[in-house]
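Please read this report with the sequence and the structure side by side, and find each residue as it is named.

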Amino acid sequence: MSIDTAEQHFALLIRPDYTFKILDWPSTSESRDTLKTLYREIECSLVAAVDITSKLTMWVDDEGICKNLPANAPATRLYGLYQPLSQPYYGNAVFTGGTDPEGNTLGLNEDQAITVVLRHLDAIVHMPSSRQKHDD
């Protein structure tokens with residue numbers, strides 16, 4: 001049984017300044033392009049994969065702390081929503097799906113991408129749970 005990767009074609013870039021971008025993710029048939037995408041978006045030449053769940057992976061610059069890159073508080077906070085925090089992460093971070101049976105990195109499907117974006121936004125924008133009515 002093969003995994004349908006047609007829907008799994010997104011990744012999420014989160015920068016230390018809280019900005020983000022939804023990326024097109026290469027299909028597994030273009031797996032040689034996944035590293036190119038990661039290097040380009042993270043702006044590095046050596047990446048580290050941080051498994052968050054079996055269906056969510058965070059990619060960061062493996063030399064981020066040595067390069068004195070800024071701490072990526074939003075990516076670290078997002079990681080902490082799923083796993084206990086053990087360290088901060090530095091520089092740009094890219095979030096992808098898990099892996100297929102051959103070990104290829106999968107993209108996020110539309111629902112997964114939206115969920116990760118909403119969790120990122122929820123951590124930085126604190127919306128009141130209900131509005132109080134005022135009599136004028």
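## The model and its cysteines

The structure shown here is a predicted model, and every value below was computed from its atoms. A search of the whole structure for disulfides finds 0 of them. The surroundings of two cysteines can still be described: C44 has a relative accessible area of 11%, and because buried means under 20%, C44 counts as buried. C66, with a relative accessible area of 66%, is exposed, since the cut-off for that word is over 50%.

## Helix α3 and its two sides

Helix α3 covers residues 110-124, which makes 15 residues. At 1.5 Å a residue the helix should span 21 Å, and its end C-alpha atoms are indeed 21 Å apart, so the expected and computed values agree. At the N-terminal end of α3, N109 acts as a cap, with a side-chain oxygen that lies 3.1 Å from the backbone nitrogen of D111.

Which residues of α3 are buried? They are A113, V116, V117 and H120. When one looks down the axis of α3, these buried residues fall within an arc of 95 degrees, and therefore they line one face of the helix. The buried residues pack against the strands β1 (10-14), β2 (20-24) and β4 (56-61), and also against α2. On the other side of α3, by contrast, D111, L118 and D122 are exposed.

## A buried asparagine in a loop

N92 is found in the loop that runs between α2 (73-80) and β5 (93-96). Is this loop residue buried or exposed? Its relative accessibility is 9%, and because that value lies under 20%, N92 counts as buried.

Leaving aside residues up to four places away in sequence, N92 touches L13, I14, R15, P16, E41, I42, E43, W59, V60, D61 and N72. One of these contacts, E41, is 51 residues away from N92 in sequence, although the two C-alpha atoms are 7.4 Å apart in space. The side chain of N92 also reaches the backbone oxygen of E41, at a distance of 3.1 Å.

## A buried threonine in helix α1

T37 is found in helix α1, which is made up of residues 32-42. With a relative accessible area of 7%, T37 is buried, because the cut-off for buried is under 20%. If residues up to four places away in sequence are not counted, T37 touches W25 and P26.

Methods. Residues numbered from 1 in each chain as written. Predicted model: local features only at pLDDT ≥ 70, side-chain atom pairs only at ≥ 80, totals over all residues. Heavy atoms only, no water. Disulfide = S-S within 2.5 Å. Buried < 20%, exposed > 50% of the residue type's maximum accessible area, 1.4 Å probe, protein only. Helix = DSSP H or I, 4+ residues; strand = E, 2+ residues; numbered from the N terminus. Contact = heavy atoms within 4.5 Å. Polar contact = N/O pair within 3.5 Å; in protein donor to acceptor, adjacent residues only side chain to side chain. Expected span 1.5 Å × (residues − 1). Arc of directions from axis to C-beta.
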